Amino acid sequence: MSGDNLRRVTTGKAMGDRPDERLTPLETVDDPRSNSDTASRDAIPESLLTSVIDDVADGDLAVDDGLVTQSLDEILLALIALSDGGTHGTGLMDDLSRLFDAQLSPGTVYPRLHDLEADGTLTMHELVQTKQYLIDDAADAGAQIERAAYRHLLVGMFLRASLDAL
């Protein structure tokens with residue numbers, strides 16, 4: 001799939017002062033530039049997904065700390081949403097290390113938790129010697145996670161499409 005095989009679709013939502021537009025593949029496109037490897041490459045996404053799921057389950061997934069930091073708010077929201085009854089900052093940092101092999105400092109994680117609390121997405125409860133974080137605005141948290149997932153998927157689709165040029 002090349003860039004010629006994508007179309008821009010407006011979702012009706014806004015991203016800041018611009019409409020949220022998404023690139024989606026055209027349904028049927030015969031590309032004369034495609035080669036015989038395209039058919040075998042069509043099976044890659046499912047096998048790649050299976051491989052990634054296996055790596056996550058085995059704890060073999062290592063992600064660059066910069067990529068984790070770039071989506072840290074959404075990752076923190078997802079980790080908190082997946083925890084039973086909330087979690088604390090040290091537990092979140094342990095999860096980041098275990099799931100993504102990311103070694104982020106408390107100076108990176110805690111300010112993000114405080115910002116999410118300040119904007120009303122999280123609630124923080126003071127416990128003895130720790131603070132527990134819970135999702136306060138599930139709709140906002142879900143929207144943030146969905147936007148981040150879409151951005152990452154868009155980049156992945158672009159990279160996948162570039163394989164046809166190789």
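In this predicted model, Glu74 is buried, because its relative accessible area of 13% falls under the 20% cut-off. This residue is found in helix 4. Setting aside residues up to four places away in sequence, Glu74 touches Gln144, Ile145, Ala148 and Arg151.

Helix 4 spans residues 72-82, and a good way to see its setting is to turn to the sheet. Here, 3 strands form an open sheet in the order 3-5-4, with antiparallel pairing. Strand 3 and strand 4 are the edge strands, since each of them pairs on one side only. Helix 4 packs on this sheet and touches strand 3, strand 4 and strand 5. The direction of helix 4 makes about 90 degrees with that of strand 5.

A closer look at the pairing helps in tracing the sheet by eye. Strands of a sheet pair through backbone hydrogen bonds, in either a parallel or an antiparallel sense. Strand 3, made of residues 87-88, pairs with strand 5, residues 130-135, in the antiparallel sense over 2 bridges. Within this pairing, Thr87 has Tyr133 in strand 5 as its bridge partner. On the other pairing, strand 4, residues 122-127, joins strand 5 over 6 bridges, again in the antiparallel sense. Glu126 has Lys131 as its bridge partner in strand 5. Strand 4 and strand 5 also form a hairpin, with 2 residues between them. In the turn of this hairpin sits Gln129, whose phi is positive, at about 60 degrees.

The nonpolar interior comes next. In soluble globular proteins, nonpolar side chains tend to be buried together. The largest nonpolar core in this model has 21 residues, and those with the most contacts inside it are Val68, Leu96, Val109 and Leu113. At least two residues of this core come from each of helix 4, helix 5 (89-100), helix 6 (106-118) and strand 4. Helix 4 gives the most, with 6 residues.

Val109 offers a handy place to explore this core. Leaving aside neighbours within four places in sequence, Val109 is in contact with Leu72, Leu76, Met93, Leu96 and Leu104. One of these partners, Leu96, is itself listed with Val109 among the core residues that have the most contacts inside the core. Helix 4 thus appears in both parts of the picture: it packs on the sheet, and it supplies 6 residues to the largest nonpolar core.

Methods. Residues are numbered from 1 along each chain as its sequence is written. This is a predicted model: local features need pLDDT of at least 70, side-chain atom pairs count only at pLDDT 80 or more; totals for chains, interfaces and linings use all residues. Side-chain values use heavy atoms; hydrogens and water are left out. Two strands pair if DSSP finds at least two bridges between them. Helices (H or I, at least four residues) and strands (E, at least two) are DSSP runs, numbered from the N terminus. Contact means heavy atoms within 4.5 Å. Axes are lines fitted to C-alpha atoms, for helices over the stretch in contact, and angles run from 0 to 180 degrees between N-to-C directions. Buried means under 20% relative accessible area, exposed over 50%, partly exposed in between (1.4 Å probe, protein chains only). A nonpolar core is a set of buried Ala, Val, Leu, Ile, Met, Phe, Trp, Tyr and Cys residues joined through side-chain atoms within 4.5 Å.
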